[in-house]
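Me: Please take a close look at one helix in this model. I would like its length, its buried face and its neighbour in one connected account.

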Amino acid sequence: MPVDLLSNPAQNNLQLFQIRTARLCRSDPEMQITSGKKSQTSPGTLRDMPALLAAENELARIKRYEENIVTAESRLELSEANLGGMQDIGEQIRTITNITPVNYDLVSEQAQNFLALFGDLMNAQDSTRYLFGGTGTGTPPVEIYPPGSGPVTDPAGALQVVFGSPAANAAPTNAGWRFRIFASGTDADTQIPIDDSLQVTVQYTANNLNAGGTLNVTNAFQEMLSGLVALADLDNTALYPAPAQTDVDTARNHVNNALNGVAGSYRSFTEMRTSLSTTNKTIDEVKDGFHNLKNISQNTVIRVEDVDDTEAAIRLREEMVQLKATYSAVQQISRLTLLDFL
């Protein structure tokens, strides 16, 4: 006579439920090890969400300012290099005009070359703007004319300088403007934000005399141009029938003003370069702070989202042992008969 098994539909359903539960427990650490994430649906637990959101917002904020810092450093480097070139021109002009007796033809020839180079340095541009043009980002900051070829009259409100004898500070009747500066706005208008409450000046606006005739804070550009055009024109007999030492001395004074600055009026090229060097240190300090904040925020994201591989592997082994035990128990229960209880 056959021996009846004790298993029944209810028992079978319970056994299947235990097996499915064990399999699900095993699948969680398997998925974590495969993906490296604690969860495939929502990152972390509800308790961790505020910390995760705060960390992600902080990382987004830092990324935005880091992009600004890249722009700031690019303009800072270009500004410092070009101001250094302008300063070098002034130093060389000061040297050749201090030689006595003055060779007017040689001084004029060298000054013409330096004038062209100075114009190129002033009209430097990065990928988006003319560096010394202030808010006039699409217009070259300076235009230099040959003697007598510039506009004869001064347009209303234009910031320009008349050429002529530096000693007399006047122009012949047929003279136009020797150069024009088109920069607009102030240094503060071109500042770049590198943190929530910090903006830095990484370039200088080459403003000339303002509409009221007073000097702009960065008027060293105008002073250098005034000295250079005067020296470049020494060989022009229409302007200087008989060049004199006083003409050279007056032109050199313009150059000295550009190199040394005038207290309370405007910065020299040296002062502008020193200021940019200080700005560079400030940017480095902000970058160091961002580096530390990024590490903290990234570690928070990792803690909430990313799985600990060692911990997940241990859990997987434990779940595998549990699953095998469940299989074994189910098999034994399914083979029980009435004789096992007699």
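Reply: Helices here are DSSP runs of H or I of at least four residues, numbered from the N terminus. This is a predicted model. The helix to look at is α5, residues 245-260.

Start with its length. α5 has 16 residues. At 1.5 Å a residue, α5 should therefore span 22 Å. Its end C-alpha atoms are 22 Å apart, which agrees. Just past the helix comes Gly261, with a positive phi of about 75 degrees.

Next, burial. Buried means under 20% relative accessible area. The buried residues of α5 are Asp247, Val248, Ala251, Arg252, Val255, Asn256, Ala258 and Leu259.

Now the neighbour. Helix α4 covers residues 220-232. The axes of α4 and α5 come within 8 Å. They cross at roughly 155 degrees. Angles over 145 degrees count as roughly antiparallel, so α4 is roughly antiparallel to α5. The crossing is left-handed.

Both helices supply residues to the contact. From α4 come Ala220, Glu223, Met224, Ser226, Gly227, Ala230 and Leu231. From α5 come Val248, Ala251, His254, Val255, Asn257, Ala258 and Leu259.

Put burial and contact side by side. Val248, Ala251, Val255, Ala258 and Leu259 are among the buried residues of α5, and these residues also take part in the contact with α4. Asp247, Arg252 and Asn256 are buried too, but the α5 side of that contact does not include them.

Terms used:
Residues are numbered from 1 along each chain as its sequence is written. This is a predicted model: local features need pLDDT of at least 70, side-chain atom pairs count only at pLDDT 80 or more; totals for chains, interfaces and linings use all residues. Side-chain values use heavy atoms; hydrogens and water are left out. Helices (H or I, at least four residues) and strands (E, at least two) are DSSP runs, numbered from the N terminus. The expected span of a helix is 1.5 Å times one less than its number of residues. Buried means under 20% relative accessible area, exposed over 50%, partly exposed in between (1.4 Å probe, protein chains only). Axes are lines fitted to C-alpha atoms, for helices over the stretch in contact, and angles run from 0 to 180 degrees between N-to-C directions. Angles under 35 degrees count as roughly parallel, over 145 as roughly antiparallel, 65 to 115 as roughly perpendicular and the rest as oblique. A crossing is left-handed if the near helix is turned anticlockwise from the far one by less than a right angle, and right-handed if clockwise. Contact means heavy atoms within 4.5 Å.
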